[in-house]
Amino acid sequence: MSSDTRQPGNEGERVLRPLTREQALRLLGTVPMGRIAFTSRAMPAIRPVNHMVDDEGRIIIRSHEGGSIVTATDAERGTVVSYEADQIDTETRVGWTVIVTGLARVVDDPAQVEAYHEALQPWVSGLDYIISIDPTIVTAYELVRGRNGSPARQPA
């Protein structure tokens, strides 16, 4: 890969700026999809899904009966998952990324299930299971243009 700084969008350095939990969850709510990472049959699995962020800050996704994430999710204790979404412009090389780690649970309260079915329309049919992710750890960065000559900061 070339490091030619004359390529379009490559003018100047980029800086990673940490975002607060509130900023991260707000940004997460502005995009329609992300990726959920979980363990399936003792192996890492990642699936693209559409999502919403509810009023409590939980990430809500839908899946189908027999889906890997439904099978992997422990209804009572919850299952540790990571959820990632981003919006990065490949030409200007600016944008943001959010990674949430927390417990995923299948929602079984009929009123909540009905409300989430109405609020989150899946991209494919048959996704009748609602999964809620409580964000325990939220890590987010904004990739912005730095001042000319300033080195890009690396996250700790």
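A residue is termed partly exposed when its relative accessible area lies between the 20% under which residues count as buried and the 50% over which they count as exposed. In the predicted model described here, M33 is partly exposed because its relative accessible area is 30%. This residue belongs to strand β2, which spans residues 33–40. Beyond its neighbours within four places in sequence, M33 is in contact with P48, V49, N50 and H51, as well as with Y83, A85 and W123. The C-alpha atoms of M33 and N50 lie 3.9 Å apart in space, although the two residues are separated by 17 residues in sequence.

A second site is found at S63, in strand β4 (residues 59–63). S63 has a relative accessible area of 7% and is therefore buried. With neighbours within four places in sequence again left aside, the contacts of S63 comprise I69 and V70, together with G126, L127, D128, Y129 and I131.

Both sites are set within a chain of 3 helices and 7 strands. Read from the N terminus, these elements follow the order β-α-β-β-β-α-β-β-α-β. The chain contains 156 residues, of which 37% are buried. Its accessible surface amounts to about 9700 Å², with carbon and sulfur atoms contributing 52%. Of the contacts in the chain that link residues at least 6 apart in sequence, 71% are formed between residues at least 24 apart.

Note on methods:
Residues numbered from 1 in each chain as written. Predicted model: local features only at pLDDT ≥ 70, side-chain atom pairs only at ≥ 80, totals over all residues. Heavy atoms only, no water. Helix = DSSP H or I, 4+ residues; strand = E, 2+ residues; numbered from the N terminus. Buried < 20%, exposed > 50% of the residue type's maximum accessible area, 1.4 Å probe, protein only. Contact = heavy atoms within 4.5 Å. Areas by Shrake-Rupley, 256 points an atom, 1.4 Å probe, with all protein chains shown as cover.
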